[in-house]
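This briefing introduces one protein chain to a reader who has not seen it before. It goes from the overall layout to the interior, and then to the surface.

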Amino acid sequence: RTTMADADPERPALGLTDDAQRELGAGLPPMSFAERTAADIAAAGGRAIALACDVAGAGSVDAAISRCERELGPVDAIANVAGIYGKHLLIREQTLENWRRVLDVNLTGTFLCAKRVLPGMVERRWGRILNVASGNALSGRPKVAPYSATKMAVIGFTKALALEVARSGVTVNAVMPGVTDTAMPRENDPEGKRLPILAEQN
């Protein structure tokens with residue numbers, strides 16, 4: 001789920017307020033947060049739409065980006081942020097279903113979104129693609145092997161794609177954030193007791 005907004009150099013970028021960051025940490029439903037963010041952008045004079053999208057499905061990705069293009073214009077920049085941990089299990093207990101679902105969202109989703117916007121970027125000879133990897137890609141983490149594997153794969157995908165489009169005015173980069181206090185790391189730790197430990201590991 002994502003919020004897509006136009007980039008206007010005449011207006012300052014909007015960041016997350018302290019209240020918004022706390023609400024994310026408290027597990028505010030993502031679509032509700034996206035809709036509020038879109039409303040905030042509109043109130044500040046910009047244009048934005050909130051979209052629900054299953055990034056693991058090519059049809060869903062195409063529909064979401066097509067609507068964005070119709071309402072806001074060409075996509076010049078995209079951030080591939082969607083990701084899930086999946087079930088927290090030892091490798092010997094992992095199911096193939098869980099493994100595939102994490103790969104579908106974290107890796108295939110990144111591929112599908114990048115692939116969908118690339119033709120326009122290459123044609124216009126300008127574009128920015130940002131993929132979100134993770135500190136867990138390099139350090140690993142017990143019980144989330146599918147997640148760690150996909151985030152390492154995102155790094156490899158980013159490097160390969162960057163080389164492919166380097167002469168087209170399109171840049172592709174990845175970031176590797178550490179643990180952030182949101183609903184995701186609290187899935188199996190509602191009180192956040194392990195967050196300081198995980199932060200140190202990253």
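A residue is called buried when its relative accessible area is under 20%, and exposed when that value is over 50%. In this predicted model, buried residues make up 35% of the 202 residues in the protein chain.

**Overall layout**

- The protein chain holds seven helices and five strands.
- Read from the N terminus, the order of these elements is β-α-α-β-α-β-α-β-α-α-β-α.
- Among contacts in the protein chain with a separation of 6 or more, 69% join residues that lie 24 or more positions apart.
- About 11,700 Å² of the protein chain is exposed, and 56% of that area is supplied by carbon and sulfur atoms.

**Nonpolar cores**

- The largest nonpolar core consists of 23 residues, and I78, I129 and L161 have the most contacts inside it.
- At least two residues of this core come from each of β2 (48-51), α3 (58-72), α4 (96-124), α6 and β5 (170-175).
- Helix α4 gives the largest share of this core, with seven residues.
- Apart from neighbours within four places in sequence, I129 is in contact with I78, N80, A114, L118, M121, L161, T171, V172 and N173.
- A second core, separate from the one above, has six residues, including A38, I41, A48 and A50.

**A buried lysine**

- K151 lies in helix α6, which covers residues 145-165.
- Is K151 buried or exposed? K151 counts as buried because its relative accessibility is 3%, and the cut-off for buried is under 20%.
- The K151 side chain comes to 3.0 Å from the backbone oxygen of V132.
- V132 is also one of the residues in contact with K151 when neighbours within four places in sequence are left aside; the others are N106, A133, S134 and A137.

**A nonpolar surface patch**

- Which residues make the nonpolar surface patch of about 290 Å²? The patch is made by L138, M152 and M176.
- L138 belongs to helix α5, which spans residues 136-139.
- The relative accessible area of L138 is 60%, so L138 is exposed, the cut-off for exposed being over 50%.

Key
Residues numbered from 1 in each chain as written. Predicted model: local features only at pLDDT ≥ 70, side-chain atom pairs only at ≥ 80, totals over all residues. Heavy atoms only, no water. Patch = residues over 30% accessible without salt bridge, like charges linked within 9 Å, V, L, I, M, F, W, Y side chains within 5 Å. Areas by Shrake-Rupley, 256 points an atom, 1.4 Å probe, with all protein chains shown as cover. Salt bridge = Lys/Arg side-chain N within 4 Å of Asp/Glu carboxyl O. Helix = DSSP H or I, 4+ residues; strand = E, 2+ residues; numbered from the N terminus. Buried < 20%, exposed > 50% of the residue type's maximum accessible area, 1.4 Å probe, protein only. Contact = heavy atoms within 4.5 Å. Polar contact = N/O pair within 3.5 Å; in protein donor to acceptor, adjacent residues only side chain to side chain. Core = buried A, V, L, I, M, F, W, Y, C linked by side-chain atoms within 4.5 Å.
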